[in-house]
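The exercises below ask for side-chain and strand arrangements to be worked out from a model. Each task is followed by a stepwise solution.

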Amino acid sequence: MLFRSKMICSFPRSADARAFTERYENGTIELELVPQGTLAERIRAGGAGIPAFYTPASVGTQLAEGKPEAEFEGKRYVQERWLKADFALIKADLGDAYGNLTYRMAGRNFNPIMAMAAAHTVAQVRKILPPGGIDPETIITPGIFIDGLIEVPDPAQEEALNRAGARFP
């Protein structure tokens, strides 16, 4: 199996970006920058089975170089392709034995669409409930998109770890 080393993101920085920076500088990983809204739409399109779409974001910039463009109603648009993954590791608040998930706050931004765009998804949840333990009206990601759950009752928040200066090998 062939693996490509490519990072697709809207902002390639973190508290300790050494692992990425070293690989980027020595040429072992490629970087594709994408406006954040376009990134979300590429993931959503992947989950919905839409292979490409047009957006006005990035028209006339380096981010659009080499991509097809078209004009609609007098305005230029760049074609973007879907973004899918073999595996997704996501974080949710609650999960039930069927894999149905709920989220807290910003957890709803990318986790639900990433679960749909991946062939296999594992979710870290604060608590796994029995079947029927989640009100169907509050389920955001249906269990059909989830392959496994890992319960972490008191997960460390990434923001708190960053403020504390946590570093990872």
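The model is a predicted one. One aromatic cluster in it is made up of Y54, F72 and Y77.

**Exercise 1. Describe how the rings of Y54, F72 and Y77, which form one aromatic cluster, are paired.**

Step 1. Count the pairs: the structure has three aromatic pairs. One of them joins Y54 and F72, with 5.1 Å from centre to centre and 65 degrees between the planes, an edge-to-face arrangement.

Step 2. Place this pair in the sequence. Y54 belongs to strand β3 (residues 52–55) and F72 to strand β4 (residues 69–72), so the pair ties together parts 18 residues apart in sequence.

Step 3. Turn to F72 and Y77. Their ring centres lie 5.6 Å apart and their planes are at 70 degrees; planes over 60 degrees apart count as edge-to-face, so this pair is edge-to-face.

Step 4. Check exposure. Y54 has a relative accessible area of 36% and is partly exposed. F72, at 40%, is partly exposed.

**Exercise 2. Work out the strand order of the open sheet and identify its edge strands.**

Step 1. The sheet has three strands in the order β3-β5-β4, with antiparallel pairing.

Step 2. β3 and β4 each pair on one side only, and are the edge strands.

Step 3. From one strand to the next, the twist averages 40 degrees.

Step 4. Look at one pairing in detail: β4 and β5 (residues 75–81) run antiparallel and are joined by four bridges. E71 stands opposite R76 in β5.

Step 5. Add the helix. α2 lies across β3 and β5, and runs at about 155 degrees to β3.

**Exercise 3. Determine which elements build the largest nonpolar core, and where M114 makes its contacts.**

Step 1. This core has 17 residues; I43, I90, L101, M114, A123 and I146 touch the most other members.

Step 2. Two or more residues each come from α2 (36–48), β6 (85–91), α3 (111–117) and β9 (118–125). The largest share, four residues, is from α3.

Step 3. With neighbours within four places in sequence left aside, M114 is in contact with I43, A85, A88, I90 and T121.

**Exercise 4. Which ring does the charged end of K84 sit over, and at what distance from its centre?**

Step 1. The ring is that of W82.

Step 2. The charged end of K84 is 3.7 Å from the centre of the W82 ring.

Methods: Residues are numbered from 1 along each chain as its sequence is written. This is a predicted model: local features need pLDDT of at least 70, side-chain atom pairs count only at pLDDT 80 or more; totals for chains, interfaces and linings use all residues. Side-chain values use heavy atoms; hydrogens and water are left out. A nonpolar core is a set of buried Ala, Val, Leu, Ile, Met, Phe, Trp, Tyr and Cys residues joined through side-chain atoms within 4.5 Å. Buried means under 20% relative accessible area, exposed over 50%, partly exposed in between (1.4 Å probe, protein chains only). Contact means heavy atoms within 4.5 Å. Rings of Phe, Tyr and Trp (its six-membered ring) pair if their centres lie within 6.5 Å; planes under 30 degrees apart count as stacked, over 60 as edge-to-face and the rest as tilted. A charge sits over a ring if NZ of Lys or CZ of Arg is within 6 Å of the ring centre and within 35 degrees of the ring normal. Two strands pair if DSSP finds at least two bridges between them. Axes are lines fitted to C-alpha atoms, for helices over the stretch in contact, and angles run from 0 to 180 degrees between N-to-C directions.
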